[in-house]
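These are my notebook entries from a look through the model, written down in the order in which I checked things.

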There are 2 protein chains.
Amino acid sequence: MSADASSGSTSRTREPRQQRSRETQERIVAAASCIFAEQGYRGASTHEIAARAEVAQPLLMYHFPTKADLWVAVAQDTIDAFLERFHPRFEALEGLDPASKLRIVFQDYVRFAAEQPELHKLMVDASVCGEPDLAGVVETRLRPVFELLCGEIEAAQKAGTMLPGDPVLLYYSLVGVAATVFSLRREVELLTGRDPREPETVEAQASLLAQLFFPVPRAGRQREQKNDD
Amino acid sequence: MSADASSGSTSRTREPRQQRSRETQERIVAAASCIFAEQGYRGASTHEIAARAEVAQPLLMYHFPTKADLWVAVAQDTIDAFLERFHPRFEALEGLDPASKLRIVFQDYVRFAAEQPELHKLMVDASVCGEPDLAGVVETRLRPVFELLCGEIEAAQKAGTMLPGDPVLLYYSLVGVAATVFSLRREVELLTGRDPREPETVEAQASLLAQLFFPVPRAGRQREQKNDD
DNA sequence: GCGTTATTTTATCATTCGATATATTTTAGA
DNA sequence: TCTAAAATATATCGAATGATAAAATAACGC
């Protein structure tokens with residue numbers, strides 16, 4: 001079977017020429033994603049990653065010349081997994097008011113952070129140890145979402161359906177509420193004996209996020225819009 | 001339980017017999033606190049810590065037989081630094097209503113997280129790599145504060161001055177809002193070009209936290225209609 | 001003073017780390 | 001097919017890691 005329909009010849013950086021190679025790369029990235037999330041960047045060793053991927057360690061260095069390169073691939077892959085989930089759902093919300101969009105998107109992010117705490121752990125770990133090439137990933141993958149959502153926050157503020165204040169701080173407050181309880185999972189378990197990833201807890205956190213950032217006016221309009229246009 | 005990391009050989013790190021020894025230990029812990037926060041647990045090397053403390057590396061191993069022991073000492077020291085700031089201020093709030101207590105305490109925690117992101121980074125890093133003896137530190141240092149504040153949250157809920165819901169989730173939402181923007185400092189800087197630790201930003205975040213969790217009723221009481229009994 | 005213990009230094013260990021050199025196998029393209 | 005390149009395997013490197021051994025120094029009780 002000739003699977004040439006997918007082979008785009010416009011390869012600029014690194015396009016594996018053989019199918020087997022791509023499968024190997026995917027196995028390596030999948031294994032690295034687990035181990036980076038479990039052990040952090042410094043704690044993860046290329047030998048352990050290669051072992052889990054069932055490849056020789058020098059083969060890993062062949063596909064990803066440095067450990068930092070592998071981290072970038074993992075970060076891009078992890079963020080892309082989120083974006084694949086994020087984008088269609090976000091576009092399906094077209095027409096809704098900004099506050100509703102934000103509420104739905106960040107409630108969805110609560111569930112994503114519970115299922116795959118890797119993303120947030122990865123970013124926190126990168127911010128802590130600061131070693132990997134964080135800048136490129138932030139620019140290419142994170143900035144579009146960030147600016148899109150900050151724009152929605154500003155729109156919601158103009159509509160009077162969201163608290164005033166620096167949209168950046170609101171964005172990171174939303175992220176913090178959505179992800180912190182899961183990225184501190186071990187601490188939560190030790191303190192409460194419960195795994196925050198239980199479905200009821202996840203939904204409770206999503207509901208809490210909505211109540212905090214998008215309170216529903218109970219009796220009449222609590223925040224009447226100051227200017228309608 | 002394995003809370004005997006120091007009870008087995010109390011003569012080692014418990015009571016240094018010479019003053020010089022205590023000063024050395026303090027220098028080591030101070031250096032380790034910086035490097036653990038900068039590099040994470042796995043990324044910090046005992047050699048580098050010893051170099052910053054200006055002691056020979058085997059001397060470090062003499063005072064803290066394993067790297068994990070050193071981490072525990074650093075974690076306890078870091079948390080104690082927070083508790084020394086927390087306890088007097090909290091006790092000075094006696095008589096206030098629970099919501100006001102919580103607001104003041106967590107606004108203060110915003111400032112603390114900005115000045116010393118080490119604490120939150122330390123806990124997130126410990127939750128990620130999971131290696132150091134997190135359990136003992138959580139039990140002895142974190143649990144008292146956690147249960148104290150959860151109690152205040154419940155009291156505020158009963159008074160109708162705080163959102164209903166799982167106090168644990170509210171606690172970690174407060175922590176997340178207070179600390180996330182600072183623990184993701186590198187990402188924030190890359191996206192916005194601004195350091196979130198700037199004083200105006202810190203105060204804006206503190207103000208945002210108050211608005212989110214303790215909204216002041218604008219006209220009349222907005223959150224009053226919960227039946228009180 | 002002396003002896004004992006606590007602390008510090010010097011030298012070094014075994015292991016693991018990320019990375020390289022190179023040989024061998026596999027694939028694509030002629 | 002044949003061949004050059006791509007992909008994988010084998011063996012190993014130097015550096016850094018956490019940890020020890022043992023000698024040397026300092027402090028304290030007597």
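Are H1(A) and H2(B) roughly parallel or roughly perpendicular to each other? I kept in mind that this is a predicted model, and then looked up the two axes, which come within 7 Å and cross at roughly 115°. Since angles of 65 to 115 degrees count as roughly perpendicular, H1(A) and H2(B) are therefore roughly perpendicular to each other. Both helices span residues 19-43, H1 in chain A and H2 in chain B.

I next listed the residues at this crossing, and found that Gln39(A), Gly40(A), Arg42(A) and Gly43(A) of H1(A) meet Gln39(B), Gly40(B), Arg42(B) and Gly43(B) of H2(B). Sorted by class, the residues of this contact are six polar and two charged, with no nonpolar residue among them.

I then turned to the whole contact between the chains, which takes 50 residues from chain A and 49 residues from chain B. On the chain A side, H1, H6 (118-129), H7 (134-158), H8 (167-183), H9 and H10 (199-213) each supply at least two residues, and H8(A) gives the most, with twelve residues. By class, this side of chain A has 27 nonpolar, 14 polar and nine charged residues.

For chain A as a whole, I noted ten helices and zero strands. Of its 229 residues, 40% count as buried, and among its contacts between residues at least 6 apart in sequence, 68% join residues at least 24 apart.

In chain B, I followed helix H8 (residues 134-158) and found a kink of about 55° at Leu142(B), shortly before the proline Pro144(B). The buried residues of H8(B) include Leu134(B), Val137(B) and Val138(B), as well as Phe146(B), Leu149(B) and Glu152(B). I checked what the buried residues of H8(B) pack against, and the list holds H9 (185-192) of chain A together with H5, H6 (98-115), H7 (118-129) and H9 (167-183) of chain B. Just after H8(B), Gly160(B) takes a positive phi of about 75°.

My last entry concerns Leu83(B), which sits in helix H5 (residues 67-91) of chain B. Is Leu83(B) buried or partly exposed? I found 16 other C-beta atoms within 10 Å of Leu83(B), and because a residue needs 20 or more to be buried and 12 or fewer to be exposed, Leu83(B) is partly exposed. The C-alpha atoms of Leu83(B) and Val145(B) are separated by 8.4 Å, although these residues are 62 residues apart along the chain.

Terms used
Residues are numbered from 1 along each chain as its sequence is written. Chains are lettered from A and ligands numbered from 1 in the order in which they are written. This is a predicted model: local features need pLDDT of at least 70, side-chain atom pairs count only at pLDDT 80 or more; totals for chains, interfaces and linings use all residues. Helices (H or I, at least four residues) and strands (E, at least two) are DSSP runs, numbered from the N terminus. Axes are lines fitted to C-alpha atoms, for helices over the stretch in contact, and angles run from 0 to 180 degrees between N-to-C directions. Angles under 35 degrees count as roughly parallel, over 145 as roughly antiparallel, 65 to 115 as roughly perpendicular and the rest as oblique. Two residues are in contact if their C-beta atoms, placed from the backbone, lie within 7 Å. Ala, Val, Leu, Ile, Met, Phe, Trp, Tyr, Cys and Pro count as nonpolar, Asp, Glu, Lys and Arg as charged, and the others, Gly among them, as polar. The bend at a residue is the angle between axes fitted to the seven residues ending there and the seven starting there.
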